[in-house]
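Please guide a reader who is new to this protein through its structure. The account should move from the aromatic residues to the confidence of the model, and then to single residues and the largest pocket.

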Amino acid sequence: AVLPILAKGEVQNTLAERGRKLAASFARAAADAGVAARLVTGGSHMHWYFLDGEVTDSRSAAQTYGAAYAAFTGELGARDILFLPNPLSHHAISLAHDDALLDEIDVAFAAGLRAVAER
């Protein structure tokens with residue numbers, strides 16, 4: 001029953017658009033906080049990195065600043081946003097993450113990035 005729904009592509013397009021929206025708001029919040037960080041997305045998958053350069057492979061991803069990751073995720077956890085504790089683990093959204101939840105995530109991202117800036 002799921003395959004015909006997925007064959008239409010609407011689910012994938014919706015999740016990709018939501019990922020792009022999160023990446024754009026993350027980029028704005030990082031710039032506002034003065035933090036070198038980026039949210040890399042691919043469809044419904046995403047991960048945040050704290051570094052100056054682009055993330056192009058596992059070596060560049062491993063350059064993420066662990067203390068910044070800890071400060072950021074500490075703020076997410078305080079706001080009941082679940083995440084994986086490993087700075088190299090990826091995260092994902094689902095169709096259950098509607099606009100209201102994405103707005104909550106945006107607020108948490110901004111607070112987390114301010115926490116990184118204060119560190």
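Which residues do ring pairs link into a cluster? The cluster consists of Phe 26, Trp 48, Phe 50, Tyr 69, Phe 72 and Phe 109, joined through pairs of their rings. The model in which they appear is a predicted one, and seven aromatic pairs are found in the structure. One of them is formed by Trp 48 and Tyr 69, whose ring centres lie 6.4 Å apart, with 25° between the planes. This pair counts as stacked because the angle of 25° falls under the limit of 30 degrees. The two partners belong to distant parts of the chain: Trp 48 sits in strand β2 (residues 45-49), whereas Tyr 69 sits in helix α4 (residues 66-78), and 21 residues separate them. Trp 48 and Tyr 69 are both buried.

The confidence of the prediction comes next. Averaged over the chain, the pLDDT is 94, and 100% of the residues reach 70 or more. Among the elements, the highest mean, 96, belongs to helix α5 (residues 99-118), and the lowest, 92, to helix α3 (residues 58-61).

Trp 48 also leads to another residue, since Arg 38 touches Trp 48. Arg 38 is part of strand β1, which covers residues 38-42. Is Arg 38 buried or exposed? Its relative accessible area is 19%, and Arg 38 is therefore buried, the limit being under 20%. Two backbone oxygens are close partners of its side chain. That of Leu 51 lies 2.9 Å from a polar atom of the Arg 38 side chain, and that of Gly 53 is reached at 3.1 Å. Leaving aside residues up to four places away in sequence, Arg 38 also touches others, including Phe 26, His 47, Tyr 49, Asp 52 and Glu 54. Val 55 is another residue that Arg 38 touches; the C-alpha atoms of Arg 38 and Val 55 are 8.6 Å apart, with their positions 17 residues apart along the chain.

Other single residues show how accessibility varies. Ala 16, in helix α2, has a relative accessibility of 17% and so counts as buried. Its C-alpha atom is 21 Å from that of Leu 84, a residue 68 places away along the chain. Gly 34 lies in the loop between α2 (10-33) and β1, and it counts as exposed because its relative accessibility is 67%. From C-alpha to C-alpha, Gly 34 and Gly 77 are 22 Å apart in space, and 43 residues apart in sequence.

Asp 80 occupies the loop between α4 and β3. With a relative accessible area of 69%, Asp 80 is exposed. Its backbone deserves attention as well: most residues other than glycine have a negative phi. Asp 80, which is not a glycine, has a positive phi, near 60°.

The last stop is the largest pocket. Rolling a probe the size of a water molecule over the atoms shows where empty space is left. The largest pocket has a volume of about 250 Å³, and 15 residues line it. Nearest its centre are Ile 81, Leu 82, Ala 92, His 97 and Ile 105. Two or more lining residues come from each of β2, β3 (91-92) and α5. Which element gives the largest share of the lining? That element is α5, with four residues.

Methods
Residues numbered from 1 in each chain as written. Predicted model: local features only at pLDDT ≥ 70, side-chain atom pairs only at ≥ 80, totals over all residues. Heavy atoms only, no water. Phe/Tyr/Trp six-rings, centres within 6.5 Å; stacked < 30°, edge-to-face > 60°. Buried < 20%, exposed > 50% of the residue type's maximum accessible area, 1.4 Å probe, protein only. pLDDT = per-residue confidence, 0-100. Polar contact = N/O pair within 3.5 Å; in protein donor to acceptor, adjacent residues only side chain to side chain. Contact = heavy atoms within 4.5 Å. 1 Å grid on protein atoms, 1.4 Å probe; cavity = no way out; pocket = protein on both sides within 12 Å on 5 of 7 lines; lining within 4 Å. Points joined across faces, edges and corners; volume = space filled by probe spheres on them.
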